[in-house]
Amino acid sequence: MHADISRPVVVLGSTGSIGTQALDVIAAHPAGFHVVALAAGGGRADLLAEQAARFEVEAVAVADAAAVPALKEALVARGARPEVLAGPEGVAEVATWTPGGSGDLPGAAWAPGATPLVLNGITGALGLTSTLAALDAGRTLALANKESLIIGGPLVKRRAKPGQIVPVDSEHSALQQSLWASGPSGYDPEAVRKLIVTASGGPFRGRRRAELIDVTPEMALAHPTWSMGPVITINSATLVNKGLEVIEAHLLFDIGFERIEVVVHPQSIIHSMVEYVDGSTIAQASPPDMRLPIALALGHPHRIDGAARPVDWTTAHTWTFEPLDNDAFPSVELARHVGTEGGTAPAVYNAANEVCVDAFMRGALPFLAIVDTVAEVVAEHQVTPADSVEEVLAADAWARTRAGELTGVA
């Protein structure tokens, strides 16, 4: 990162796992960034207020308007007086925030490499409107909210300029880094044979489908490698998260689904690989630490010194790779199906899964029924083009209603 550049940053989902780690990276490199605005769901008002005071931000937003009184009280207690916005529209406004106010400035007003960056770490479909707002405002978008790209699909891609979206997921950051090796002038899709997305396998790696019948939420939340929020952790246990990542890889890198492979790698050191047409495979390796891909996205296209610890090559390592058991974990093949269908199908897959995960966490749905129910909702859906936010959100709402009916939690 250039020492003479201080990039304005907006962090959406600042109280979640990605958001808090992003702020840790920024705090460790104060000369390179300044946080101008934050947004969160609203459930952790005290933490949001503490972050706002610590980074002296100009604006904060909460998606849940009911959280505003608690947030304002917590801000006053810390002597912080940022502008407070509420609701999904408030979060989207924060995504376009410019230092000194919400009005946009022309691109020429920014020093090279200092274009405002929005890190979208919101969980779920709520992130779509903020993703679109950031893209339309010309911001560099560090995307951790994979759902907005997956459900928005072509809608998001049409709004994004080349290079405007930088992936934060460790797998897609690894793919991007490995693709940099495709040629002297940048990414050459003709040189790529396949993308290989690695999966830890989650807490139930190696189990057959029959051995997953009695899985409890507590068992599913015990991820062997990563510390994440509950929804992402359950998605990792069902491998729905990997299915979403396959769709995301297809959209980010314009590689067909038949050229995207998932391989189980329990050690989570190789974060993904690219196989080239000449037989070479380029991999990105690092200990499992989200601060590395977060830092790479924040500093893009520059690397940040000391963002995370490297692999210790003075000790012995054993790295293993296994094929994915599609019978025990059918979510990835289902994701390929909805990704190939396109249109509103991915939005239905994502929305139905969120409802089913919630039902499982409440004890209203068995573990295996999460993906089975998602498949049933997907099969019932009449796919339409996803040409507008309204069409995407309508499909999302239909899927949530139908999944709620099937799970009995409507």
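Here are some numbered notes on this predicted model, going from its domains and cores to individual helices and residues.

1. Let me start with the overall layout. The domain assignment divides the protein into domain 1 (7-167) and domain 2 (172-341). Their centres, taken over C-alpha atoms, are 26 Å apart. Domain 1 brings 21 residues to the contact and domain 2 brings 24.

2. The largest nonpolar core is a good place to look next, with its 91 residues. L12, V94, L195, Y349 and F367 have the most contacts inside it. Helix α14 (residues 345-361) is the top contributor, giving eleven residues. Since domain 1 (7-167) and domain 2 (172-341) both supply residues, this core lies between them. A second core, separate from that one, has 38 residues, among them A22, I26, V35 and I294.

3. Y349 deserves a closer look within the largest core. Leaving aside residues up to four places away in sequence, Y349 touches V240, G243, L244, S331, L334, A335, V338, V374 and V378.

4. Helix α15 (residues 367-380) is worth a view of its own. Its buried residues are F367, L368, A369, I370, V371, T373, V374, V377 and V378. What do the buried residues of α15 pack against? Their partners are α9 (217-220), α10 (230-238), α11 (240-253), α13 (331-341), α14 and α16. F367 is also one of the residues with the most contacts inside the largest core, and V374 and V378 are among those touched by Y349.

5. Two helix pairs make a nice contrast. The axes of α1 (residues 17-28) and α2 (residues 45-55) come within 12 Å and cross at roughly 20°; with angles under 35 degrees counting as roughly parallel, these two helices are therefore roughly parallel to each other. Their crossing is left-handed. On the α1 side the meeting residues are T20, L23, D24, I26 and A27, and on the α2 side L47, Q51, R54 and F55. I26 belongs to the second core as well.

6. In the other pair, α10 and α14, the axes come within 10 Å and cross at roughly 95°, so the helices are roughly perpendicular to each other. Here P230, V231, I234 and N235 of α10 meet N353, V357, F360 and M361 of α14.

7. Is D396 buried or exposed? This residue of helix α16 (residues 389-407) has 7% relative accessibility and counts as buried. Its contacts are A125, A347 and A351, not counting residues up to four places away in sequence.

8. Please check the backbone at two residues with positive phi that are not glycine. L239 has a phi of about 70° and sits in the loop between α10 and α11, where it is buried at 3% relative accessibility. D254 has a phi near 55° and is placed in the loop between α11 and β9 (260-264). Unlike a buried residue, D254 is exposed, with a relative accessible area of 55%.

9. My last point concerns the loop between α12 (291-299) and β12 (322-323), which holds W313 and also P301. The peptide bond from H300 to P301 is cis, with omega near 10°. W313 is exposed, at 63% relative accessible area. How far apart are W313 and P301 in space, C-alpha to C-alpha? The distance is 27 Å, for a separation of twelve residues in sequence.

Methods. Residues are numbered from 1 along each chain as its sequence is written. This is a predicted model: local features need pLDDT of at least 70, side-chain atom pairs count only at pLDDT 80 or more; totals for chains, interfaces and linings use all residues. Side-chain values use heavy atoms; hydrogens and water are left out. A nonpolar core is a set of buried Ala, Val, Leu, Ile, Met, Phe, Trp, Tyr and Cys residues joined through side-chain atoms within 4.5 Å. Buried means under 20% relative accessible area, exposed over 50%, partly exposed in between (1.4 Å probe, protein chains only). Helices (H or I, at least four residues) and strands (E, at least two) are DSSP runs, numbered from the N terminus. Domain bounds come from an automatic or database domain assignment. Contact means heavy atoms within 4.5 Å. Axes are lines fitted to C-alpha atoms, for helices over the stretch in contact, and angles run from 0 to 180 degrees between N-to-C directions. Angles under 35 degrees count as roughly parallel, over 145 as roughly antiparallel, 65 to 115 as roughly perpendicular and the rest as oblique. A crossing is left-handed if the near helix is turned anticlockwise from the far one by less than a right angle, and right-handed if clockwise.
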